[in-house]
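Student: Please show me the model, and then let us go through how its side-chain contacts and burial are classified.

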Amino acid sequence: MERPTIGVLPLYDGDKESYWMLPGYMKGIEDAGGIPFVLPLTSDVENITRIANMFDGFLFTGGHDMNPEIYGEQIEDVCGVLCQERDVMESALFKQILELDKPAFGICRGLQLFNALLGGTLYQDMPTQFKSESSIKHKQAPPYSEPVHNVYIEKGNPLYRIIETENLRVNSYHHQGIKELSKQLIAVANAEDGLIEAVMMPEKKFVFAVQWHPEFSYKSDICNFRLFEEFVKSC
């Protein structure tokens, strides 16, 4: 079988004005049978259209906070560093991916991006805005491959069919999260404190996102590797 080509959205260093990449995003795809390519950040609509048509699937990586204006809120002091280049490129590309019904896998910021672009909202800063009595660590210290809390998956839902477990230990490194879920998405995993940890778009071929970071743990955890496998297979 021909290996699918997958466009990976780059991480961006604003101080150095440079793209960069964590190897786990690329190697996770490659080990699962795909060929990853790091994409440029561009606002050129014609180029974005060509990119959308060129690749078999797309991985939306973690990184910067999303501009709250995308989901109809003002930027608060607790919001983190934004990246206009990513917001513009990823918003336009995601729209075209949906129109083409191509596979899209979101990780951390990717989950937040999907939710915001589809009409949901986000906590701009979970430590100050998400009220819970739980002691869950949503922003852990290194090493990031180590799991720090559980997520729960209802038996029989689409995520369960991929990883075949109702209880998964995951790593966690984020200060934003889903506040109001988009009506176009369904939640397929939740943390102990109720935070939505994974979503999917049911009417699409494969639009799936997780809040944790399988790029750090796919080598040590077969369930996280299965996420990459299912994504690549869908491509």
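Tutor: This is a predicted model. R86 has a relative accessible area of 0% and is buried.

Student: Why is R86 called buried?

Tutor: Buried means under 20% relative accessible area. R86 has 0%, so R86 is buried.

Student: What makes the contact between E90 and R86 a salt bridge?

Tutor: The closest N and O atoms of E90 and R86 are 2.7 Å apart. The cut-off is 4 Å, so the pair counts as a salt bridge. Both residues lie in helix 3, 4 residues apart, about one turn of the helix.

Student: Which network includes E90 and R109?

Tutor: The side chains of R109 and E90 form a salt bridge at 3.0 Å, N to O. R109 is in helix 4 and E90 in helix 3, with their positions 19 residues apart in the numbering. Salt bridges with shared partners join R86, D87, E90 and R109 into one network.

Student: Why is K179 called partly exposed, and is E73 buried or exposed?

Tutor: K179 has 39% relative accessibility, which lies between the 20% and 50% limits, so K179 is partly exposed. E73 has 19%, under the 20% limit, and is therefore buried. E73 and K179 form a salt bridge, with the closest N and O atoms 3.0 Å apart.

Student: Why is the aromatic pair of Y218 and F228 called edge-to-face?

Tutor: The ring planes of Y218 and F228 are 65° apart. Over 60 degrees counts as edge-to-face, so the pair takes that name. Their centres are 5.5 Å apart, within the 6.5 Å limit for a pair.

Methods. Residues numbered from 1 in each chain as written. Predicted model: local features only at pLDDT ≥ 70, side-chain atom pairs only at ≥ 80, totals over all residues. Heavy atoms only, no water. Phe/Tyr/Trp six-rings, centres within 6.5 Å; stacked < 30°, edge-to-face > 60°. Buried < 20%, exposed > 50% of the residue type's maximum accessible area, 1.4 Å probe, protein only. Helix = DSSP H or I, 4+ residues; strand = E, 2+ residues; numbered from the N terminus.
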